[in-house]
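Here are my notes on the model you sent, set out as numbered points. Please read them with the coordinates open.

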Amino acid sequence: MLSKFSLTALAVFSFCAHLHAQIKTKTSSAIDQKVDKLLSQMTLEEKIGQLNQYTSDRLSTGPLTPNSTKYQEIKDGKVGSMLNVRGAKETRTIQEMAMQSRLKIPLLFGLDVIHGYRVTFPIPLAEAASWDLNAIESSARVAATEAAASGIHWTFAPMVDIARDPRWGRVMEGAGEDPYLGSLIARARVQGFQGKGLGNLDAVMACAKHFAAYGAAIAGRDYNTVDMSDRQLWETYLPPFKAAVDAGAATFMNSFNELNGIPATGNAYLQRDILKGKWNYQGFVVSDWGSISEMVAHGFAKNNTDAARLAITAGSDMDMEGHAYLTGLPVLVKENKVDVALINDAVKRILRKKFELGLFDDPYRFSNESREKKVLNSAQNHQAALDVAEKSVVLLKNDNQLLPLSKSTKTIAVIGPLGKSSNDMKGFWSVEWENDHLVSPFEGLQNKLGKQTNLLYSQGCNINDTVRTGFADAVATARKADVIIMAVGEAFNMSGEAKSRANIHLPGVQEDLIKAIKATGKPVVVMIMAGRPLIFNWTADHADAILYTWWLGSEAGNAMANVLFGDYNPAGKLPMSFPRAEGQIPVFYSSKNTGRPSPNGQPALYRSSYLDIPNTPQYAFGYGLSYTNFSFADLKLNKSQITKNDDVTVSFTLKNTGKYAGEEVVQLYLQDVVASVTRPVKELKDFQKVYLKPGESKTISFAITREKLSFYDQKMNWTTEPGEFKLMIGNASDHILLQDKFELVD
Ligand code: BGC
C-alpha cells in the first residue's frame, strides 16, 4: 500500500513540512505537554465525553435523536463538542455549562458554514466556476471572520468530493468534476477558513469532507453505495483530500457511504492506512451525522456498541450525533474489545485543537457580542460577496451579441418564477438568518436602472408548476418590452443534501414558458438559477442569450444586473459538464478512448456511442463565453524531447481581439498517448485567468513538470513513462485552439 504514495509529491511536501515543523515544534511540543498532562487527569468517562458531539435542539441538519439530558451531560463532562449552536450569546451560554464540569474542558462549536455566514456567498459550485482561487479564498475568509465573531470555532467545510453525477444534489457544495481544479480549490478554501492559523480570532477550523468517495454514490442517489477501483479512488477522488491535508486542514469528516463493501466510517484503509498513515495526518476525524450508528443499517455492525468498536478502531475520532461512543466505548474497554490507547489518541487529537484555538486560555474568546456586531454584515463583506458573485456567472450563449444590454433600453420585462425571489438566491446550506436580505434579480435591475427604463414583471408559472395559467399574462407583458430577461431554474431546496433528482430538466413547465415568450419574436435572455447542471436543450438551441447564474447569495440580483449591462464582463467557466440527457450520466471530459471511439462523439455503427444522441455534453467542462473575444496563437515549446529530470516550457500569445476588456481562463490539457495503463483523452494540468484590455496581448507560459506527466502504473506506483505526450491549450475542454506534442525519453 505504501507504494501508492506519490514520491515526487512527498519530496516537495516533506521539504515544506520540515520548514513548517521547525517553526511549529516549539509551540506544538508545549501544547503536547499540556495535552498529556490533562489526559493524565481524565477518567475514562471524561475521555469518551471528548469524543461525543451533539446537535443543539434549535437547528437540526439530520435525523434528530431526542435527548433531554444533553445539557446536563455537558455539565458532567460527557460532551466534547456541539454543532448547530451559533451566535456569541448562545455559544457563551452553552460554554458556561461546560465550565461547570470537573475539568472545565471547553466545548468546540461546529457549524456548516458552507458559503458565507451572515453575508451569503455563491454556492461552492458557483464559486468553482470562477476559476479564481483568490476570490474563492476570500469568500472563505469572510465566512470565517463572521463565523468566528459569532462564537463558531469550526466549519464543516470545505466539501471536496469530486462529483460527476448532477442527479446528486450535493454537487452544489463541491468544486465539480475535476481532481486538479478540485485540489486547488480545496487548498484555497482551507487557507481561507484557517487564515493566519488557529488561535487567531478570525480563523475557524476547516473540515475536509466527506472522506471518501461520497460523490460517487451509485445513480446519484444521496447516501448510496460506492463501488470503485482503487485506481479511480487514487486518481480522481483522493487528490483534493490530499491537497486539504497539505494545506493544513485541522479536521476531516468521514462519510455516509460504503466504499467497496466497507462503510467509510468503519474503514481503516481510508482513515488509518491512508489519512493517518501515509499522509501522517495529525488533525482529528469527525464522523458524519449519525454515520457510526448507521453502520448497523448498512449491515456492517451488529448494534451501536459494535459500531462504536468498528469506528474507533478504523480511526473515527469524534461521534457526531451517533450516540454510540458515549454508551458503547465504556463497555468495549471493560470487555477488552477496544484498547484505551485508541481512545487516548483520539482525545489527544481533539484536545490539541482546543489548545491551538486558545480555548483553555479563555473559553469565551470567540463569544464576544460587541465584536460580533461589528464584524457581521459589513459593507466590506457585501462587496466581497458581490465580487465573487459576478465572477461565478457563466455566459453560455450570446447570439448576435445581445448582451451586454444597453442601459438606455426603454422597456425590459422580467419573466419567470425566480424573477422576484430573494429567498432562493441563498441556495442550499446557507446559515438561515431571520431578516437576512438577499437581492432578487428584479431588485438588482431596479437598483441598476434609472427611471428612464420601464421595468415590467410577470411570474408566468411557479417553479414546479404543471399548469400554464400564468402564460398569457407573461406573453402579454413580454409583448410590451424591447427585451425579455427570463429568471428560471430550481428553488433553493431542490439541490443540496438529500436532494437527489432523477429528472434534472428545468423543472415544471418553465421551458414551455421560455418557448411561449420566444414565440413573441422579442430578444430573450435566459438566466438560470440552480444548484446543479440542469438540462434545457430547447433553450440551448433557441434562446438568444443564456447566463448560468447558479445561486449567487446575498448580492445575487446586483451581480446579475452588473453582468447583464456589461459593468462586469463574465469570465466564468463550467466546473462540471452539462449533460444533454440523464441517460449520459456520468458524462465528464477526462474520459478514456475505448477500443472503438466514436468520431467526434457522434453516433456511429459499431462505435462506442448512443443511437439517439451524441456522446458529448451540451456544455463541456471549462466552457464559458465572454463579451469579448480572445485569439490564441504562436505556440512554442522550448524542447520537443525531454528526459525525466527536465521540464518543458510552453508559451503562446493570447490577444483580446474584441471591444471589451475581459478575462480569459486559458487551460492546459495533457494526454499520455501510450502508457502501461490507459490514460484519459485529456486531463487538465494547469490554467491561468488572464485580464486583457481590448487589443492587448500577452505571452502566456506554462511549465510542464514531471509531476504533471506522472500517473499510477499497474502496481500503483506514481511514475512517468517514456513516450509521446500530447499537449492541448484552449478555452474549454472541448475547444482546443493550440496543440503540439513532445517526447519523454529514458
Ligand atoms: C452532512 C454533513 C454536515 C453534517 C452536519 C450531515 O448530514 O452530510 O456534510 O456537515 O450533516 O450538519
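The points below take up the basis of the model, then the ligand site, then the domains and their interface.

1. This is a predicted model, in which local features need pLDDT of at least 70 and side-chain atom pairs count only at pLDDT 80 or more, while totals for chains, interfaces and linings use all residues. Residues are numbered from 1 along each chain as its sequence is written, and side-chain values use heavy atoms, with hydrogens and water left out.

2. The ligand is surrounded by 13 residues, a residue being counted if one of its heavy atoms lies within 4 Å of the ligand. The closest are T61, D112, R170, H210 and D288. By class, this shell holds six nonpolar, two polar and five charged residues; here Ala, Val, Leu, Ile, Met, Phe, Trp, Tyr, Cys and Pro count as nonpolar, Asp, Glu, Lys and Arg as charged, and the others, Gly among them, as polar.

3. An oxygen atom of the ligand lies 2.6 Å from a side-chain N or O atom of R170, and the distance from a ligand oxygen to a side-chain N or O atom of D288 is likewise given as 2.6 Å. For E497 the corresponding distance is 2.8 Å. The protein covers 100% of the 310 Å² of accessible area that the ligand has on its own, with areas taken from the Shrake-Rupley method with a 1.4 Å probe.

4. The protein is divided into domain 1 (24–372), domain 2 (394–571) and domain 3 (628–744), with bounds that come from an automatic or database domain assignment. The centres of domain 1 and domain 2, taken over C-alpha atoms, are 37 Å apart, and their contact (heavy atoms within 4.5 Å) takes 31 residues from domain 1 and 30 residues from domain 2.

5. Between them, domain 1 and domain 2 bury about 2,400 Å², 58% of it on carbon and sulfur atoms; buried area is the accessible area (1.4 Å probe) that two parts lose on being put together, summed over both.

6. One salt bridge is counted between domain 1 and domain 2, the term requiring a side-chain nitrogen of Lys or Arg within 4 Å of a carboxyl oxygen of Asp or Glu. The side chains of E497 and R170 meet in a salt bridge at 3.7 Å, N to O.

Methods
Polar contact = N/O pair within 3.5 Å; in protein donor to acceptor, adjacent residues only side chain to side chain.
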